[in-house]
Amino acid sequence: MATADARRRLRERPVGVTIVLTIVGYALVLGTFLLDVAIYPDLTREQINLLTHAIAAINTTATVLLVSGWYWIRAGEIRKHQLSMMGAFALILLFLVVYLLKVGGGGEKHFVGPDPVYYAYLIMLAIHIVLSVVSVPVVLYALILGLTHSPSELRSTSHARIGRIAAGAWILSLTLGVVTYVLLNHVYEFEFASMLVPPL
């Protein structure tokens with residue numbers, strides 16, 4: 001009964017629910033960056049590196065699921081599309097938990113490399129961040145519509161159009177995130193940005 005009631009509310013107010021969830025997500029991230037919240041443990045460099053690699057694995061898997069979901073809907077495989085997109089969203093929630101733990105625990109790194117690569121890195125990172133921020137409400141709205149409407153009902157909503165925008169922005173953001181991860185952690189050097197990070 002409670003599940004049916006929640007689904008009905010989601011269905012009737014997708015924009016309102018999207019706005020609330022977006023604000024909560026933004027508040028979590030901004031609060032971690034701007035406030036000294038004492039809920040995160042201080043991390044060692046080894047732990048930060050482990051979380052960094054975990055984030056890259058999560059984002060790579062989410063990208064594969066998003067591309068698969070895009071393929072499945074074009075092939076008319078609605079159930080496979082739904083499972084791929086819900087799996088990608090679950091991974092992004094996991095990413096958020098791991099990312100906040102890493103940043104809140106003092107785990108920021110700065111890129112060290114030649115100037116041309118450094119500026120290319122910054123441009124890719126900026127695009128990744130902007131798309132990440134902008135795609136949150138679009139992804140949430142498409143997901144809410146998808147979860148609260150049948151496939152036949154979705155044809156009369158903006159799910160397909162919004163979904164294409166959400167998936168495209170999300171895929172590009174995640175791809176750039178993985179590319180910057182490779183440059184920062186495997187191709188060039190980095191420095192730990194926080195003095196909170198104790199040595200190994």
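# Briefing: helix packing, strand pairing and aromatic contacts

The crossing of α5 and α7 is left-handed. By class, the contact between α5 and α7 is made up of 21 nonpolar residues, nine polar residues and no charged ones. The model is a predicted one. Its protein has seven helices and two strands, and buried residues account for 36% of the 200 residues.

**Overall layout**

- Read from the N terminus, the order of elements is α-α-α-α-β-α-α-α-β.
- Along the principal axes, the C-alpha atoms of the protein fill a box of roughly 55 × 35 × 25 Å.

**Helices α5 and α7**

- Two packed helices are described by the distance between their axes and by the angle between those axes.
- Helix α5 covers residues 115-148 and helix α7 covers residues 159-187. Their axes come within 7 Å and cross at roughly 145°.
- Proline 137 has its place in helix α5. With a relative accessible area of 26%, proline 137 is partly exposed, because the partly exposed class lies between the 20% and 50% limits.
- From proline 137 to leucine 154 the separation is 17 residues in sequence and 18 Å in space, C-alpha to C-alpha.

**Strands β1 and β2**

- Strand β1 (residues 109-112) and strand β2 (residues 189-192) pair in the antiparallel sense, over four bridges.
- Valine 112 has glutamate 189, in β2, as its bridge partner.
- In a regular strand the side chains alternate between the two faces of the sheet.
- Side chains alternate along β1. Lys109 and Phe111 point to one face and are buried, whereas His110 and Val112 point to the other face and are not buried.

**Aromatic pairs and cluster**

- Six aromatic pairs are found in a search of the whole structure.
- Tyrosine 71 and tryptophan 72 have ring centres 5.0 Å apart and ring planes at 65°, so this pair is edge-to-face. The reasoning rests on two cut-offs: centres within 6.5 Å make a pair, and planes over 60 degrees apart make it edge-to-face.
- Tyrosine 71 counts as exposed, because its relative accessibility is 51% and the exposed class starts over 50%.
- Tryptophan 72, at 24% relative accessibility, counts as partly exposed.
- One aromatic cluster is formed by Phe111, Tyr118, Tyr119, Tyr121 and Tyr188. Of its members, Phe111 is also a buried residue of β1.

**Lysines over rings**

- Lysine 80 places its charged end over the ring of tryptophan 72, at 4.3 Å from the ring centre. Tryptophan 72 also takes part in the edge-to-face pair with tyrosine 71.
- Lysine 109 places its charged end over the ring of phenylalanine 190, at 4.1 Å from the ring centre. Lys109 belongs to strand β1, where its side chain points to the face shared with Phe111.

**Partly exposed residues in α3 and α4**

- Helix α3 spans residues 45-74 and includes asparagine 49. Threonine 60 is also placed in helix α3.
- Asparagine 49 counts as partly exposed, at 22% relative accessibility. Its C-alpha atom is separated by 25 Å from that of glycine 87, which lies 38 residues away along the chain.
- Threonine 60 is partly exposed, with a relative accessible area of 36%. Threonine 60 and isoleucine 171 are 111 residues apart in sequence, and their C-alpha atoms are 9.7 Å apart in space.
- Leucine 101 has its place in helix α4, which covers residues 78-104. At 29% relative accessibility, leucine 101 counts as partly exposed.
- Leucine 101 and isoleucine 39 lie 62 residues apart in sequence and 9.1 Å apart in space, C-alpha to C-alpha.

Definitions and conventions. Residues numbered from 1 in each chain as written. Predicted model: local features only at pLDDT ≥ 70, side-chain atom pairs only at ≥ 80, totals over all residues. Heavy atoms only, no water. Phe/Tyr/Trp six-rings, centres within 6.5 Å; stacked < 30°, edge-to-face > 60°. Buried < 20%, exposed > 50% of the residue type's maximum accessible area, 1.4 Å probe, protein only. Lys NZ or Arg CZ within 6 Å of the ring centre and 35° of its normal. Axes fitted to C-alpha atoms, helices over the stretch in contact; angles between N-to-C directions. Left-handed = near helix turned anticlockwise from the far one by under 90°. Nonpolar A, V, L, I, M, F, W, Y, C, P; charged D, E, K, R; others polar. Pairing = 2+ DSSP bridges.
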